[in-house]
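Visitor: Please take me through one part of this model in close detail. I would like to look at its largest pocket.

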Amino acid sequence: MIFEFKNATAVKGGETLFSDVSFVAQPGDAVAVTGNTESRKALLLAMLGMRPLKSGWVSIDGEPVTATTGTYFRQFIAYQPDSLDFEGFTVQEVAKSQFALKVNADYAYSAKAVAAELMRLGVADDCMQKGFDEMEEAVAQRASLTLVSMFERQLLLLDNPTSRQDEAGRRLVADYIMQKRSEGVALIVATGDQTLLAVCNKRVNL
């Protein structure tokens with residue numbers, strides 16, 4: 001799939017969030033989006049069909065992504081927001097809820113497979129029984145990245161995925177991005193982290 005922004009402009013309350021943005025994300029691309037936090041988030045939401053554009057367009061394989069079509073296109077996209085909204089739930093509970101979604105009906109839940117995927121980001125398998133609010137924020141953030149990206153989505157949207165990471169954590173996330181690129185996933189990464197910028201092959205400054 002080809003993901004594209006063309007001359008895209010978004011505004012909020014009369015303030016321009018980004019203007020005349022154009023880029024393409026193809027399989028194996030990692031596009032780093034830099035700039036202020038709100039503008040970066042707005043761009044990711046536009047890709048999901050959840051933020052209208054003032055002008056220009058965003059498309060998938062040439063088909064416009066809008067509030068109407070976004071519902072269909074989101075089955076091909078995984079999104080990690082810069083928040084940890086799983087308070088009160090264990091990692092295993094969130095994982096099971098992901099597998100229960102209709103869009104993931106082709107996947108059978110396996111605690112062993114989930115634990116193996118968590119290990120790719122340095123999250124120990126004993127975290128499966130822990131609540132997100134019981135873990136260090138850095139570990140919880142990497143666990144959330146695992147849970148949103150473990151299914152075979154064509155596009156992975158990451159909003160500031162190293163905001164809670166130390167140097168070692170940033171390296172784990174960077175390596176994970178490289179692995180996803182090698183698997184043919186396209187990524188759009190909202191970040192100002194130099195460690196992540198180094199593993200992205202394209203950059204867009206808002």
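Which strand and helices each supply at least two residues of the lining of the largest pocket?

Guide: Strand 6 (77–80), helix 3 (91–99) and helix 5 (137–149) each do so. This is a predicted model: local features need pLDDT of at least 70, side-chain atom pairs count only at pLDDT 80 or more, and totals for chains, interfaces and linings use all residues. Residues are numbered from 1 along each chain as its sequence is written, and side-chain values use heavy atoms, without hydrogens and water.

Helices (H or I, at least four residues) and strands (E, at least two) are DSSP runs, numbered from the N terminus. A pocket is an open set of points on a 1 Å grid over the protein atoms alone, where a 1.4 Å probe fits, with protein on both sides within 12 Å along at least five of seven lines; lining residues have an atom within 4 Å of a point.

The volume of the largest pocket is about 570 Å³, counted as the space filled by probe spheres set on the points. Its lining has 23 residues. Closest to the centre are Ile77, Tyr79, Gln98, Leu101 and Val148. Strand 6 gives the largest share of the lining, four residues.

Strand 6 also belongs to an open sheet of five strands, ordered 6-7-8-3-9 with parallel pairing. Strands pair if DSSP finds at least two bridges between them. Strand 6 is an edge strand, pairing on one side only. Four bridges join strand 6 to strand 7, in parallel. One partnership is Gln80 with Leu158 of strand 7.
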